[in-house]
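Welcome to a short set of exercises with worked solutions. Keep the sequence and the 3D view open side by side, and try each task before you read on.

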Amino acid sequence: MKKQRKLYLQRKQWRFAEKLWSKLEGTINRVTTSADSLRPYNPLYHLGTLSIYLLIILTITGIYLTIFYRAGSDRAYESVNNISAFWLGSLMRSVHRYAADGLLIIAFLHALKMMLSDRFWGSRWLAWVSGWGMFVISWLIGTMGYWLVWDERAQWLTEYSINLIKGQFAMPFLSPEIASRTFSLFVIVLFLHVFIPITMIVGIIIHVLRLTRVRLWSPRWLMVETGIVLVLLSVWKPVTSALPADFGRVISQVSLDWWYLGFLPLTAQWGNPLFWGIALIVGGIITALPWISPGAHIGPAVVTNPNCTGCALCARECPYNAIEMVSRDDETRFKSLAIINEKLCTACGICVGTCATSGVELAGWHASVLLADLQRALAQARQAGQQPVAIFTCDRHKALGSLDVKWQEEPASDTVIPLLQSPAWQRVQAGVWTGGNPHPVAILSCTVPCAGMLHPDWIRSALNDGAKAALVIACPEDDCAYREGPMWLKGRLARRQRTLPPQVLHYVELAPGSQGEVRRLLKAIGAGKMPEQKPLKLPKKKQVTDWRAVLGQMRYLATGLVVLLVALGISLLAERPSSNPTPQPSLIRIAINHGGKLIAASENLPPEVIAKLPANVDPAQVLGGERFPVRLRLIVDGQQVLEDTYQPRGLRREGAIFGLENWWLTPGTHKVEIWMMDDESEWKQVFADTVTIASQEALILFYDEETNQFILR
Ligand code: HEM
Ligand code: SF4
Ligand code: SF4
């Protein structure tokens, strides 16, 4: 049976979690909003654009670091230290690092906000899935960055990769003679670290593909504050390297950035299958959330053909590119018609609020029903000698509790106002607001998915039919669940405001769940002191912020800065000493890089070809062919502790043979023997010695093809 999808208001668990988040935002708004401004300096309202800004900072500081960085295991560490030795280099490096941590934190909070405010299903699946894609890519790039420093963290990363891949790429790190070969590996990682970010541009394009008028830039105050916070963190705790990478040492403890490298200690403790299994399952579930927990809406928008005059206002205002104007050639005198793309429509209703001719409505929501309800409810109120306040707001405010109104289903003895809910009303709800006030206020409330759906005619109609005042409660302009609702609504109301007395139309923007401002207004209205609404649209010259205006906002900006400092400062907590649980304190590494003995000799080579070969060339090497596997035995203190077989590489087994073994043991003096069979016939002793090994030391025994022996490095 198909599961019934629920509307935003019915998804109670999600709303419970959203309420907690909104409480946090409301608290921050209280300290970051000045009395004469509707716009709080709240960084949590700009997490998506802040992620882009951090990417830009990473690019700029990254270019600086790339110029001074030197690739190769013999030079990388020193070059990074040299960068840090100069104040500008140290600043660039530290800002780069804190911005990288900041990116993961901010992108995660942005994702969390999208999830809690129900913005992940339906047409938003593309932004949701591409968002997680970018998140994983950001993590991958950062992890590569840690590798480039070539300190103990990079060593741990390398050992982790070696154990995972067991390939030949480990050899150069173990043998100083071929350390120069690491150069190409460093160049590849550097290349990936610098060029994968370019794919982020494609990621961002896909991410915002379904949005109109995308905001890519954070507001200027936020960019300045973020810059200040990154510099403060960098000066306070400049980033340093760990000890240089040295494969002759065992890493037991090193301080790690858990955002990026936390997987190292976790995989060491839990094992790869468990850690990556959990990560894959959790990541998969979160990415698939649009299909696991899809919601429902009361849309899509539907155009009533005869009512559409082709004005294209709806197409202009739709924040999701869901309306296309097509030319029409019918009996009407209008030239074009709005067509809705149902797949892209999020049912915000912004188009409904803008259409002057009721040409567009949401499939499950008809303005005629609302208007009829309002008429009947207000008629009942008039009969009872009441003048209710009509509150128009959005689902978010209703769900998250901005209205502490007692909804009146039944007459109650303690209620002085008998305006009752009628079962016949579908779109209005009757109630009473007391709020500890001696003057209770009768309320009629109408809720729409987004405040941007509100049509000024509905408000006018409520006022004409006897409402004492109309109170419109929207979300902050920077925090609309449908991106642009308050922006369009404010424009519409500002035009209508001129024709109404300033005491009857009130407009507030609030974090959903914050009740203070609504209470203040209702208290004043209840007491008969009708407050006046300031003009919603200021004349152009008053909007210009000069330096005095900015200074006047300093207090609110400063609290925003503290919020940002806390958010980005979390990265300091992520840097923690982490231990690498090893079976024993000391280690023997056995590394073999063997050309391999040919199984078939060069019998088929014609004698005349052999004759032409230079004297020092082995015909077998010219001809090539399948090689024998190599078998190794490790004997420690007279006990065989390890035996393994290493196969030649390549499909035809013609390639060289690589092997790498780690054997953990107690510190002290040990008798070590290695035996090898590389021709499937005879075991040869290739190492025998008494070695003394200290705690945290790793002895490297490397196979030398010339002497046919293992050599202690
Ligand atoms: C890594 C970096 C990320 C960047 C740079 C980024 C940036 C942005 C930007 C600029 C917007 C458009 C804002 C607007 O104009 O309204 C946006 C929207 C969105 N982002 Fe992200 N984002 C990132 C990660 C994520 C993640 C991890 C998720 C969740 C999985 C996510 C989910 C969304 C969704 C669902 C929207 C659409 C909102 C809507 O339709 O109303 N983003 N993002
Ligand atoms: S706003 Fe109304 S009249 Fe104008 S194009 Fe859209 S549906 Fe048609
Ligand atoms: S309801 Fe919203 S998303 Fe759908 S067409 Fe109208 S404005 Fe666009």
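How do the residues of the shell around ligand 1 divide into nonpolar, polar and charged?

**Before you start.** This is a predicted model, in which local features need pLDDT of at least 70, side-chain atom pairs count only at pLDDT 80 or more, and totals for chains, interfaces and linings use all residues. Residues are numbered from 1 along each chain as its sequence is written, chains are lettered from A and ligands numbered from 1 in the order in which they are written, and side-chain values use heavy atoms, with hydrogens and water left out.

**Exercise 1. Classify the shell around ligand 1, then find its polar contacts.**

*Step 1.* Set the classes: Ala, Val, Leu, Ile, Met, Phe, Trp, Tyr, Cys and Pro count as nonpolar, Asp, Glu, Lys and Arg as charged, and the others, Gly among them, as polar. The shell around ligand 1 then has 12 nonpolar, 5 polar and 4 charged residues.

*Step 2.* Look for the nearest of the 21 residues around ligand 1 (a heavy atom within 4 Å). They are His-110, Trp-132, His-207, Tyr-320 and Arg-483.

*Step 3.* Check for polar contacts (N or O atoms within 3.5 Å; within protein, one must be able to donate a hydrogen and the other to accept it, and residues adjacent in sequence count only if both atoms are side-chain atoms). His-207 places a polar side-chain atom 2.7 Å from a nitrogen atom of ligand 1. For Arg-483, a polar side-chain atom lies 2.8 Å from an oxygen atom of the ligand. Arg-215 takes part through its backbone, with a polar atom 3.2 Å from an oxygen atom of ligand 1.

*Step 4.* Trace the helices (DSSP runs of H or I, at least four residues; strands are runs of E, at least two; both are numbered from the N terminus). Helices H2 (47–68), H4 (87–116) and H5 (125–148) each supply at least two residues of this shell, and H5 gives the most, with 5.

**Exercise 2. Which residues surround ligand 3, and what classes do they belong to?**

*Step 1.* Around ligand 3 you will find Ala-301, Cys-318, Pro-319, Ala-322, Ile-323, Cys-345, Thr-346, Ala-347, Cys-348, Gly-349, Cys-351 and Leu-362.

*Step 2.* By class, this shell has 10 nonpolar, 2 polar and no charged residues.

*Step 3.* Now turn to ligand 2, whose surroundings include Cys-308, Cys-311, Cys-314 and Cys-355. Its shell divides into 8 nonpolar, 4 polar and no charged residues.

**Exercise 3. Where does the side chain of His-397 find a backbone oxygen?**

*Step 1.* Locate His-397 in helix H17 (residues 395–400).

*Step 2.* His-397 has 0% relative accessibility, so it counts as buried. Buried means under 20% relative accessible area, exposed over 50%, and partly exposed in between (1.4 Å probe, protein chains only).

*Step 3.* A polar atom of the His-397 side chain lies 3.0 Å from the backbone oxygen of Ala-474.

*Step 4.* Beyond neighbours within four places in sequence, the contacts of His-397 (heavy atoms within 4.5 Å) include Ser-402, Ile-473, Cys-475 and Leu-510.

**Exercise 4. Which backbone atoms lie close to polar side-chain atoms of His-193?**

*Step 1.* Find His-193 in helix H8 (residues 182–207); its relative accessible area is 15%, so it is buried.

*Step 2.* The backbone oxygen of Ile-141 lies 2.8 Å from a polar atom of the His-193 side chain, and for the backbone nitrogen of Gly-145 the distance is 3.4 Å.

*Step 3.* Not counting residues up to four places away in sequence, His-193 touches His-96, Ile-141, Met-144, Gly-145 and Leu-148.

**Exercise 5. Is Ala-347 buried or exposed, and what is the sign of its phi?**

*Step 1.* Recall the background: most residues other than glycine have a negative phi, and most peptide bonds are trans.

*Step 2.* Ala-347 has a positive phi of about 60 degrees although it is not a glycine. It sits in the loop between strand S4 (336–340) and helix H15 (350–354), and with a relative accessible area of 2% it is buried.

*Step 3.* Compare Glu-680, which also has a positive phi of about 60 degrees. Its place is the loop between strands S17 (668–677) and S18 (684–693), and at 46% relative accessibility Glu-680 counts as partly exposed.

*Step 4.* Finish with the peptide bond between Gly-299 and Pro-300, which is cis, with omega about 5 degrees.
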